[in-house]
Amino acid sequence: MKYHQINSGLFVKNREKFTAQMKPKSVAVFNSNDIYPVSADSTLPFAQHRDIFYLSGVDQEESILLLFPDAPYEHLKEILFLRETNEHIAIWEGEKLTKERAFQVSGIKTVFWLQDFDKTLKEIMMYTEVMYINTNEHYRSAVEIETREDRFIKKWKAQYPAHTVAKSNPILQRIRSIKETEEIDLIQQACNITEKGFRRLLSFVKPNVMEYEVEAELIHEFVRNRSKGFAYTPIIASGNNANVLHYIENNQQCKAGDLLLLDVAAEYANYSSDLTRTIPVSGRYSERQKAVYNAVLRVKNEATKMLTPGTLWKQYHVEVGKIMTSELLGLGLIDKADVQNENPDWPAYKKYFMHGTSHHMGLDTHDYGLLHEPMEANMVFTVEPGIYIPAEGFGIRIEDDVVIQKSGEPFNLMRNIPIEVDEIESLMNA
């Protein structure tokens, strides 16, 4: 891994939080992701399933975590199963985790090789009555393939039909959404790497550069600072491309006078950051561009103040909509008649601001979190309003990542990344 080793104490705490909510006489199993094929013998780079990483720190394929807090024997309370390493694997693929190294990473004392999994599980199932399956229940999930976890769940339920089935995901949705101090530090590190990339761009972007050249500058800066790269597929959208919310082609020329919307951020140690800035290709905003930019920035600043303990996500978005409506009236994009005659299910402001303002962030860019429950301290949210005007050839979005505090305004993890018009123009023309 490129990142520095994380103290195993974080994963010990995470497991304690999870097992504290398990039912009596229950066992939970978590699987690594598959390595996904492309064609022939080509595969995509391995990306660890965030749940097993959150609970163990293990960042390796073909790994399994088993948790059995009521085990009659200490060595069965938590177990890691790893692919057995050997000299051949070390030569061809690189060294894999040894049992000793796995303990250092995870804090788990019992480490078995994968070939011992079935017989160990069989023994444990004799002592248990409930099995926790780890299904994907994220509100944005739209998975079409059968995962390693899916295959295991199907097999496990078939083998032990007399056991009661419970779900791990509701527990994980709650505990993963509230970050430990160590996690906030890791997200901050991802944000700091993102800052380096963004500052690099401010001296690079000029008329006639290609969007993919901007992407190349970012990946260079991210990787040289111990990141694997982008936390998500980068959006580098010049001119009217910014009005396509998930524009990822990044293959057009940046033209003089256009704005460049950059929804780009680094990961670090599997933790995400999520940044958006909109900068002028020529180094100066036009008066109209500046007016819209500052309107978006005001919405972001006012929305941020509302991210406090007790706030409900759905009501928060209603209030942000009211602020955006006021700004759009001021810009002349909508009028009072539009507001008076609006459809409550699709208010007038949605013509120019059609997406949500905030989402949980952490190990996943769109992280776990129960949206029907009130916000709590140490949750991390994005704040990302935008105004999109195809008729005028540009769209503007501004986004920061913030940590909810016990009292007062959230702490901005991107507080050092240039955001004001004057600062961006000054740096671009230095």
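These exercises walk through a predicted model, each with a worked solution.

Residues are numbered from 1 along each chain as its sequence is written. Local features need pLDDT of at least 70, side-chain atom pairs count only at pLDDT 80 or more, totals for chains, interfaces and linings use all residues, and side-chain values use heavy atoms, with hydrogens and water left out.

**Exercise 1. The domains**

Task: State into which domains the protein is divided, and how many residues of each are in contact.

Solution.
- Step 1. Take the bounds, which come from an automatic or database domain assignment. Domain 1 covers 8-177 and domain 2 covers 181-429.
- Step 2. Place the centres. Over C-alpha atoms, they are separated by 35 Å.
- Step 3. Count the contacts, meaning heavy atoms within 4.5 Å. Here 17 residues of domain 1 touch 19 residues of domain 2.
- Step 4. Look at the record. An unreviewed UniProt entry annotates residues 6-142 as "domain: Aminopeptidase P N-terminal". UniProt positions are given in the numbering used here, feature names are shortened, and annotations may be inferred rather than shown by experiment.
- Step 5. Describe that span. Residues 6-142 are 31% helix and 20% strand, and their end C-alpha atoms lie 31 Å apart. Helices (H or I, at least four residues) and strands (E, at least two) are DSSP runs, numbered from the N terminus.

**Exercise 2. The nonpolar cores**

Task: Find where the largest nonpolar core lies with respect to domain 1 and domain 2.

Solution.
- Step 1. Fix the terms. A nonpolar core is a set of buried Ala, Val, Leu, Ile, Met, Phe, Trp, Tyr and Cys residues joined through side-chain atoms within 4.5 Å. Buried means under 20% relative accessible area, exposed over 50%, partly exposed in between (1.4 Å probe, protein chains only).
- Step 2. Size the core. The largest one has 103 residues, and those with the most contacts inside it include Phe18, Leu260 and Tyr293.
- Step 3. Find the main contributor. Helix H8 (residues 181-202) gives the most to this core, with 9 residues.
- Step 4. Place the core. Both domains give residues to this core, so it lies between them.
- Step 5. Note the other core. A second, separate core of 19 residues includes Leu66, Leu121, Met131 and Ile153.

**Exercise 3. Strand S4**

Task: Work out which way the side chains of strand S4 point, and which strands pair with S4.

Solution.
- Step 1. Recall the rule. In a regular strand the side chains alternate between the two faces of the sheet.
- Step 2. Apply it to S4 (residues 64-67). Ile64 and Leu66 point one way, Leu65 and Leu67 the other way, and all are buried.
- Step 3. Find the partners. Two strands pair if DSSP finds at least two bridges between them. Strand S1 (residues 26-31) pairs with S4 in the antiparallel sense over 4 bridges. Strand S5 (residues 78-82) is also joined to S4 by 4 bridges and runs antiparallel to S4.
- Step 4. Match residues. Ile64 in S4 stands opposite Asn31. Leu67 has Glu78 in S5 as its bridge partner.

**Exercise 4. Helix H11**

Task: Check the span of helix H11, then say what covers its buried residues.

Solution.
- Step 1. Set the rule. The expected span of a helix is 1.5 Å times one less than its number of residues.
- Step 2. Compare. H11 (residues 313-331) has 19 residues and should span 27 Å; its end C-alpha atoms are 27 Å apart, which agrees.
- Step 3. List buried residues. Among them are Tyr316, Val320, Met324 and Leu328.
- Step 4. Name the cover. It includes helix H10 (287-305), helix H12 (336-340), S14 and strand S15 (386-389).
- Step 5. Look just past the end. Gly332 takes a positive phi of about 75° there.

**Exercise 5. A small sheet and Asp401**

Task: Give the strand order of the sheet that holds S17, and decide whether Asp401 is buried or exposed.

Solution.
- Step 1. Order the strands. The open sheet of 3 strands runs S14-S17-S18, with antiparallel pairing.
- Step 2. Find the edges. Strand S14 (380-383) and strand S18 (411-412) each have a single partner strand, so one side of each lacks a neighbour in the sheet.
- Step 3. Join S17 to S18. Strand S17 (residues 400-403) is linked to S18 by 2 bridges, and Val403 stands opposite Phe411.
- Step 4. Place Asp401. Asp401 is found in S17. Its relative accessibility is 0%, so Asp401 counts as buried.
- Step 5. List contacts. Beyond four places in sequence, Asp401 touches residues including Cys191, Asp274, Phe381 and Phe411.
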